[in-house]
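Grab a pencil and work through these exercises with the structure open beside you. Each task comes with a solution that goes step by step.

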Amino acid sequence: MANAVLPWIDTHCHLDAAEFEADRDAVVQRARDACLKQIVLPAVAPGNFETVRELAHRHGLSYALGIHPLYVHDAGANALQALRDSLYRHRDDARLVAVGEIGLDFFVPGLDRALQEDLLAAQLALARELSLPVLLHSRRSVDRVLMHLRRAGLRGGIAHAFNGSAQQAHAFLDLDVRLGFGGAMTYERALQIRRLAAGLPADALVLETDAPDIPPQWLYRRADGRAEGEPTGARNEPAELPRIALTLGGLRGWDAAETAAATAANARAALPRLADLLA
């Protein structure tokens, strides 16, 4: 099957990030040239809700609205109401595919865990009210995120940048939550992520870049360049996704067509509104 007809989907890209300010339109064009059929743009705080929505409409992409755990302190007292208002205002927007990026981050020091958990619980309740899936951030916090999902009675979505255990992976799958794999999988030293990518059920996996973050291995500088003070990594972007997908295919023994078909089907299952956008 020719690359031009492969249905690549990037389920997580922060196209509104400052790193794309100088060449955002070119980034989207490179993604189209790389045969990406859809890119999901998650918000992180009320200040970028309208930005991601406008970008999705301008470029024919899709978006999610939510408050990221790294932004809980900056979001303000009215953040949750702003999210509720935006979700209800745009609830019939076909390009609004999820509530996200939401979750917990127990890696970054100094974040109020109780505040994170209160905000996550409230956002999961909103997602359930609106029958929307979720895009989940669960860094060093998978078990607590799973607890909140079960407590909310919510099913469906994506555990973005999954880096947990096999047991935790299957716990997400039991809740109809797919698992996002991206640039981290391309590093040979990422043994646990690669084992999971190779061994989980075929319907568990979706592809993502998390651009401009989590660059794949080939975007990192050589060791001698780092020693001379060069930057340790280059900006990631959605056009890298087909090459990232080759790593997944290699781990599973799939060719490009099988990888594209399986991961696109999983993305549509995780985010049902994508189906109409891909028709």
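**Exercise 1.** Find out whether F172 is buried or exposed, then describe its aromatic pair with F162.

*Solution.* Step 1: F172 has a relative accessible area of 0%, so it's buried (buried is under 20% relative accessible area, exposed over 50%, partly exposed in between, with a 1.4 Å probe and protein chains only). F162 is buried too, at 2%.

Before going on, a word on the model: it is predicted, so local features need pLDDT of at least 70 and side-chain atom pairs count only at pLDDT 80 or more, while totals for chains, interfaces and linings use all residues. Residues are numbered from 1 along each chain as its sequence is written, and side-chain values use heavy atoms, leaving out hydrogens and water.

Step 2: A pair of aromatic rings is described by the distance of the centres and the angle of the planes. Rings of Phe, Tyr and Trp (its six-membered ring) pair if their centres lie within 6.5 Å; planes under 30 degrees apart are stacked, over 60 edge-to-face, and the rest tilted. With F162 and F172, you get 6.0 Å between centres and 85° between planes, an edge-to-face pair.

Step 3: F162 sits in the loop between β6 (157–159) and α7 (166–174), while F172 is in helix α7, so the pair ties together parts 10 residues apart in sequence (helices, H or I with at least four residues, and strands, E with at least two, are DSSP runs numbered from the N terminus).

**Exercise 2.** Work out how the rings of Y187 and Y220 are arranged.

*Solution.* Step 1: Their centres are 5.9 Å apart and the planes meet at 75°, so this pair is edge-to-face.

Step 2: Y187 is in the loop between β7 and α8 (191–199), and Y220 in the loop between β8 (205–207) and α9 (223–227), so you're looking at a link across 33 residues.

Step 3: Y187 is buried at 11% relative accessible area, whereas Y220 is partly exposed at 36%.

Step 4: The whole structure has 2 aromatic pairs.

**Exercise 3.** Count the disulfides and explain why C13 has no bond to C35.

*Solution.* Step 1: A disulfide is a pair of cysteine sulfur atoms within 2.5 Å. The search of the whole structure finds 0 of them.

Step 2: The closest cysteine sulfur to that of C13 is in C35, 17 Å away, which is too far for a bond.

Step 3: Check the surroundings: C13 is buried at 1% relative accessibility, and C35 is buried at 10%.
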